[in-house]
Amino acid sequence: MPNRVVVLLSGTGTLLQALIDAQRDQVLNAEVVGVVSDRMDAPGLSRADAAGIPSTVVVFRPGGDRAAWDAELTRAVADFSADLVVSAGFMKLLGPAFLAEYAGRAINSHPALLPAFPGIHAVRDALAAGVKVTGATVFWIDQGVDSGKIIAQEPVRVAADDTATSLHERIKIVERKMLVDAVNGFRVER
Ligand code: GRF
């Protein structure tokens, strides 16, 4: 039985697309069975639709009850009977209920060489720091901000004329491959 993968996303979902494409090309030893987003308008949701993958949206409203959101998100993932959760551009910190269920079964991808440049502005921060090499990291999700145990890292050179957008695009090319490899390297015993 292939691992059942649920992808969390908030944005454009090109990392999700990499998993979908790998599945189509039969080079993914897993099945993407669901997508969960915190945003109704996340463009990545239409990638799920186009691939026939069901999705759920669990919106966190400003000033809302974080614990209730955490519990609802955890339920949404569990409803897909996930073995492995892949956070692929999901822009919220996962809470205690989620971690109680999925710590050790949830991975994230980050556009920098952690522990350098954690947080949501990793690419901008790396450029501002003037580093000549940055990269991508796949790691286990824990309660911290991009602080979990590292699974894989790849470097990406910074070009003299890079903008945050051009650099992020090159990093994402690397992230897409790393994510497929990471999913392929993960086995859940059932
Ligand atoms: C990736 O760079 C990921 O590391 C970061 O957000 C980006 C998601 O890209 N957290 P996309 O929405 O999958 O295109």
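**Exercise 1. Find the residues that touch the most other members of the largest nonpolar core, and the elements that build it.**

Solution. This is a predicted model. The largest nonpolar core holds 34 residues. Within it, Val-7, Val-86 and Val-183 touch the most other members. Next, look at the elements. At least two core residues come from each of β1 (3-9), α1 (14-24), β2 (30-37), α2 (44-50), β4 (84-87), β6 (133-140) and α6 (164-184). Helix α6 gives the largest share, seven residues.

**Exercise 2. List the contacts of Val-7 beyond its neighbours within four places in sequence.**

Solution. Start with Leu-16 and Leu-19. Add Val-32, Gly-34, Val-35 and Val-36. Finish with Val-86 and Ala-88. Another core, of 20 residues, lies apart from the largest one. Its members include Val-6, Leu-73, Phe-98 and Ala-106.

**Exercise 3. Trace the open sheet from edge to edge.**

Solution. The sheet has seven strands, ordered β3-β2-β1-β4-β5-β6-β7. Its pairing is mixed. Now check the edges. β3 (55-57) and β7 (150-157) each pair on one side only. On average, neighbouring strands are turned by 20° against each other, direction ignored.

**Exercise 4. Describe how β1 and β4 are joined, and which residue stands opposite Val-6.**

Solution. β1 and β4 run parallel. Four bridges join them. Val-6 stands opposite Val-85 in β4.

**Exercise 5. Place helices α1 and α3 on the strands.**

Solution. Take α1: it lies across β1, β2, β4 and β5 (106-110). Then take α3 (66-78): this helix lies across β1, β2, β3 and β4. For the direction, use β2. α1 runs at about 155° to β2, and α3 also runs at about 155° to β2.

Definitions and conventions. Residues are numbered from 1 along each chain as its sequence is written. This is a predicted model: local features need pLDDT of at least 70, side-chain atom pairs count only at pLDDT 80 or more; totals for chains, interfaces and linings use all residues. Side-chain values use heavy atoms; hydrogens and water are left out. A nonpolar core is a set of buried Ala, Val, Leu, Ile, Met, Phe, Trp, Tyr and Cys residues joined through side-chain atoms within 4.5 Å. Buried means under 20% relative accessible area, exposed over 50%, partly exposed in between (1.4 Å probe, protein chains only). Contact means heavy atoms within 4.5 Å. Two strands pair if DSSP finds at least two bridges between them. Axes are lines fitted to C-alpha atoms, for helices over the stretch in contact, and angles run from 0 to 180 degrees between N-to-C directions.
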